[in-house]
Amino acid sequence: MSSVSSQSLWYDGYDPEWILGTRWGSPAEPEPPPPPPPPPPTLPPDEEKVAAVPEPPKPIKLKSPSCCEGCEEKMKTVFIGLDGLESVAVDFESGLVTITGNVQSEECLNLAKRVVKRTVMW
């Protein structure tokens, strides 16, 4: 026969190791929450205003003598193919051609000279 004690066969009440589970180590503690992500970098107030609003390009002014309204219409249509062009205003009486947009002044002058050879910068 085997030597088994009578205490091991019967449960005789409260056993703190059995209830708390200390035989297998202490109960697991919950993991702490991860730290919050760092805030995005911000510009100082002066730099935010500069970065948010780009400076508009200066208008290009040309002096182009016009003899008729046909010259005025030709002057408007010659600038249509330019990249970055916003608007073209031609004043027939004063001979002023105002070009607004992100365009080069030399390129505008060369295009205007195709219509009226005596065109110069204002």
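**Core, ring and loop: a short Q&A**

Q: In this predicted model, which residue lies over the face of Trp122?
A: Happily, there is a clear candidate to look at here. A charge counts as over a ring if NZ of Lys or CZ of Arg is within 6 Å of the ring centre and within 35 degrees of the ring normal. At 5.7 Å from the ring centre of Trp122, the residue over its face is Lys63.

Q: How many aromatic pairs does a search of the whole structure find?
A: Pairing asks for ring centres within 6.5 Å. Searching the whole structure with that in mind, the number of aromatic pairs found is zero.

Q: Which element supplies the largest share of the largest nonpolar core?
A: This core has 14 residues, and among those touching the most other members are Leu62, Phe79 and Cys108. Strand S1 (60-63), strand S3 (96-101) and helix H5 (105-115) each give at least two residues to it. The largest share, four residues, comes from H5.

Q: Which residue is in contact with Ser64, Val90 and Thr119, among others?
A: Let's look within the core, at one of the residues that touch the most other members. Leaving aside neighbours within four places in sequence, its contacts also include Val97, Ala112, Val115 and Val116, and the residue is Met75.

Q: Is Ser94 buried, partly exposed or exposed?
A: Ser94 sits in the loop between strand S2 (85-91) and S3. Buried means under 20% relative accessible area and exposed means over 50%. Because its relative accessible area is 36%, Ser94 is partly exposed.

Q: Which side chain does the side chain of Ser94 join in a polar contact of 2.7 Å?
A: Ser94 is 31 residues from Lys63 in sequence, with 8.3 Å between their C-alpha atoms. The polar contact of 2.7 Å, however, joins the side chain of Ser94 to that of Asp91.

Key: Residues numbered from 1 in each chain as written. Predicted model: local features only at pLDDT ≥ 70, side-chain atom pairs only at ≥ 80, totals over all residues. Heavy atoms only, no water. Phe/Tyr/Trp six-rings, centres within 6.5 Å; stacked < 30°, edge-to-face > 60°. Core = buried A, V, L, I, M, F, W, Y, C linked by side-chain atoms within 4.5 Å. Buried < 20%, exposed > 50% of the residue type's maximum accessible area, 1.4 Å probe, protein only. Contact = heavy atoms within 4.5 Å. Polar contact = N/O pair within 3.5 Å; in protein donor to acceptor, adjacent residues only side chain to side chain.
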